[in-house]
Amino acid sequence: MARLDKIASHDGIVDHLNHDGSIVSVVINTRSACTTCEAHSRCGFAESKDKVVDIPTQGVAYTPGEHVIVNISEGRGLLAVWIAYVLPAIIMLAVIISLSMAHMSELVVIIAALAALALYVALLFLLRRHISSRFVLSVQKQQKSDTPLC
């Protein structure tokens with residue numbers, strides 16, 4: 001994969017597999033090295049010590065306790081930033097500006113902006129399966145190395 005196609009690679013440990021082995025749950029262990037990673041601010045894995053992610057195995061056999069590498073592409077990471085930060089900000093600003101220009105009271109503007117965000121979150125909830133299908137993480141077996149990733 002080209003450098004621009006990858007936003008982050010994280011060390012992880014296989015926690016468990018689903019009943020048919022098609023999905024592997026991986027515990028991502030963040031390390032202090034994440035603070036020096038160039039993708040640290042966009043990654044989301046560096047917010048807490050451990051995160052568990054479910055990843056399709058794509059026919060590769062994994063065993064609990066096995067060390068793996070988890071990757072996500074830059075395009076998917078940027079899409080997540082748009083969905084989580086940019087679109088809600090645009091929605092909120094549009095409601096605030098339009099209702100303020102219509103000379104609505106501040107209380108009405110605030111309630112309308114919060115209601116618009118609540119509708120946005122409800123829409124995300126309804127579309128969660130479609131959205132989550134676009135964020136496919138990949139997992140690969142880790143080669144024996146002393147060099148930590150992000």
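This is a short walk through one protein structure, from its overall layout to a few individual residues.

Okay, so before anything else: what we have here is a predicted model. The protein has 150 residues, and 26% of them are buried. In terms of secondary structure, we get four helices and five strands. If you read along the sequence, the order goes β-β-α-β-β-α-α-α-β. The accessible surface is about 10000 Å², and carbon and sulfur atoms account for 64% of that. One more global number: take the contacts between residues at least 6 apart in sequence, and 71% of those join residues at least 24 apart.

Let's start with the strands. Look at β2, residues 23-29. Five of its seven residues are buried, so the rest of the structure largely encloses this strand. What does β2 pair with? Its partner is β3, residues 50-56, and the two run antiparallel with seven bridges between them. If you want a landmark in there, find Val27 and you'll see Val52 of β3 standing opposite.

That brings me to the core. The largest nonpolar core has twelve residues. From the early part of the chain there's Val14, then Val24, Val26 and Ile28, then Val53 and Ile55. Tyr62, Val68, Val70 and Ile72 are in there too, and Leu137 and Val139 finish the list. β2, β3 and β4, which is 67-73, each put in at least two of these residues. As a general point, nonpolar side chains in soluble globular proteins tend to be buried together.

Val68 is a nice one to click on. Skipping neighbours within four places in sequence, Val68 contacts the run His10, Asp11, Gly12, Ile13 and Val14. Val68 also contacts Val26 and Tyr62, and then Val139, Gln140, Lys141 and Gln142.

Keep Lys141 on screen for a second. How many salt bridges do we count? Just one salt bridge comes out. Glu66 and Lys141 make that salt bridge through their side chains, at 2.8 Å, N to O. Glu66 sits in the loop between β3 and β4 while Lys141 is in β5, residues 138-141, so the pair ties together parts that are 75 residues apart in sequence. Is Glu66 buried or exposed? Glu66 counts as buried, because its relative accessibility is 18% and the cut-off for buried is under 20%. Lys141, at 37%, counts as partly exposed.

Over to the helices now. Leu117 is in α3, and Leu117 is buried, with a relative accessible area of 19%. Leaving out residues up to four places away, Leu117 touches Pro88 and Met92. Leu117 and Leu87 are 30 residues apart in sequence, and their C-alphas are 9.7 Å apart in space.

Then go along to Leu126, also a residue of α3, which covers 106-126. Leu126 is exposed, with a relative accessible area of 68%. Leu126 belongs to a nonpolar surface patch with Leu123, Phe125 and Leu127, and together they have about 420 Å² of accessible area.

Last stop, a backbone oddity. Most residues other than glycine have a negative phi. His103 isn't a glycine, but its phi is positive, about 60 degrees. Where is His103? You'll find His103 in the loop between α2, 74-101, and α3. His103 is exposed as well, at 73% relative accessible area.

That's my tour, happy to rotate the view if anyone wants another look.

Conventions: Residues are numbered from 1 along each chain as its sequence is written. This is a predicted model: local features need pLDDT of at least 70, side-chain atom pairs count only at pLDDT 80 or more; totals for chains, interfaces and linings use all residues. Side-chain values use heavy atoms; hydrogens and water are left out. Buried means under 20% relative accessible area, exposed over 50%, partly exposed in between (1.4 Å probe, protein chains only). Two strands pair if DSSP finds at least two bridges between them. Contact means heavy atoms within 4.5 Å. Accessible areas come from the Shrake-Rupley method with a 1.4 Å probe; for residues, only the protein chains shown count as cover. A nonpolar core is a set of buried Ala, Val, Leu, Ile, Met, Phe, Trp, Tyr and Cys residues joined through side-chain atoms within 4.5 Å. Patches are made of residues with over 30% relative accessible area and no salt bridge: like charges are joined within 9 Å, nonpolar side chains (Val, Leu, Ile, Met, Phe, Trp, Tyr) within 5 Å. A salt bridge is a side-chain nitrogen of Lys or Arg within 4 Å of a carboxyl oxygen of Asp or Glu.
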